[in-house]
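Here is a short briefing on a protein model with a bound ligand. Two topics follow: the ligand site and the domain contact.

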Amino acid sequence: MQIITTKAALEAVIEECKKEKQSIGLVPTMGALHEGHASLVRRAVAENDICVVSVFVNPTQFNNKEDLAKYPRNIERDAELLSRIGAHYVFAPTPEEMYSAQEMNTTFEFDFAGLDKVMEGKMRPGHFNGVVQVVSRLFYLTRPEKAYFGEKDFQQLAIIHHMVERSSMAGTFGKLEIIGCPIVREESGLAMSSRNERLSEQEKQTALAISKTLFDSLKWAKEAGATVADVQQRVIDTINAVPGLEVEYYEIVDQTTLLPTDTFEHAIGCVTVYCGPVRLIDNIKY
Ligand code: AMP
């Protein structure tokens with residue numbers, strides 16, 4: 001496995017792969033890797049000749065400076081894991097390598113067709129502009145046939161789908177397929193996240209109420225006469241009743257439009273909860 005830190009070196013490696021007609025699978029990450037990331041990488045390794053993993057804490061998608069500063073980083077451990085599971089290249093640039101000063105300080109404009117106006121987009125203004133900025137740059141540099149994203153960040157996955165559909169008309173990324181991968185959880189049910197590293201053992205126990213409530217809500221949705229609004233409120237109340245947890249939003253929306261829905265068909269519930277100072281997200285399909 002080779003670690004690459006410059007765009008030029010990455011482009012040179014990709015050019016060689018293209019000459020050899022090797023298929024490329026890309027897994028974009030922000031590092032502090034865990035089994036959730038590993039599930040994406042294993043799939044990319046199995047389905048492509050070459051697997052490229054990017055490890056880059058993208059400053060332009062953080063609307064909170066403290067969150068960016070505290071984001072866990074451990075490239076040595078990440079590289080060790082990635083080498084063990086068969087990744088071929090790790091792209092780990094600095095922010096200065098990735099962006100010019102101007103790119104770093106101006107908003108990347110993109111037409112989200114409203115997908116950025118709800119949930120994470122509403123709570124974190126500019127977040128998805130930064131995501132689209134970094135992911136489109138990674139696509140240009142890596143020219144993958146397939147790119148892998150987790151359903152844990154369901155809204156992000158919907159937005160990437162939208163971005164690729166829009167640009168496929170212009171042929172921008174060639175024939176790129178976006179592959180959504182299921183959420184990987186701890187045995188306890190807690191959705192794996194790099195941010196879990198910031199939780200104490202006590203907070204990890206407390207955070208279990210999030211996934212437990214989401215699972216319970218599948219049963220509540222089947223109760224006679226249960227409406228989407230009832231279930232939504234019951235999830236919020238149940239999590240908020242746990243000392244140490246505070247729901248930022250819980251919305252049951254259509255899986256494609258991300259707009260509120262009044263039926264459980266094709267619906268997904270997306271939650272963001274503060275566990276102490278740590279912001280955790282999770283979701284469940286009905
Ligand atoms: P991140 O490093 O948090 O930006 O995540 C990189 C990729 O891994 C994203 O596509 C995430 O959705 C995905 N991912 C993160 N956690 C999980 C998880 N628990 N299960 C599945 N995919 C995940």
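A residue counts as near the ligand if one of its heavy atoms lies within 4 Å of it. By that cut-off, 17 residues surround the ligand. The model is predicted. The protein is divided into two parts, domain 1 (2-181) and domain 2 (194-285).

**Ligand site**

- Which residues are the closest to the ligand? They are His37, Gly150, Asp153, Val184 and Met192.
- His37 also makes a polar approach: an N or O atom in the His37 side chain is 2.9 Å from an oxygen atom of the ligand.
- Met30 uses its backbone instead, with a polar backbone atom 2.9 Å from an oxygen atom of the ligand.
- Met192 pairs with a ligand nitrogen: a backbone N or O atom of Met192 lies 2.9 Å from that nitrogen atom.

**Domain layout and contact**

- The C-alpha centres of domain 1 and domain 2 lie 26 Å apart.
- Domain 1 gives 23 residues to the contact, and domain 2 gives 19 residues.
- The size of an interface is often given as the accessible area lost when the parts come together.
- Here, domain 1 and domain 2 bury about 1900 Å² between them. Carbon and sulfur atoms carry 55% of that area.

**Polar links between the domains**

- How many salt bridges are there between domain 1 and domain 2? The count is five.
- Arg77 forms a salt bridge with Glu197. The closest N and O atoms of Arg77 and Glu197 are 3.1 Å apart.
- Between domain 1 and domain 2, 11 residue pairs are in polar contact, with both residues at pLDDT 80 or more.

**The domain 1 side of the contact**

- Three helices each supply at least two residues of the side of domain 1 that touches domain 2: H3 (65-70), H7 (119-123) and H9 (154-168).
- Which helix gives the largest share of this side? H7 does, with four residues.
- By residue class, the side of domain 1 that touches domain 2 divides into 10 nonpolar, four polar and nine charged residues.

How values were computed. Residues numbered from 1 in each chain as written. Predicted model: local features only at pLDDT ≥ 70, side-chain atom pairs only at ≥ 80, totals over all residues. Heavy atoms only, no water. Domains from an automatic or database assignment. Contact = heavy atoms within 4.5 Å. Buried area = accessible area lost by both parts, 1.4 Å probe. Salt bridge = Lys/Arg side-chain N within 4 Å of Asp/Glu carboxyl O. Polar contact = N/O pair within 3.5 Å; in protein donor to acceptor, adjacent residues only side chain to side chain. Nonpolar A, V, L, I, M, F, W, Y, C, P; charged D, E, K, R; others polar.
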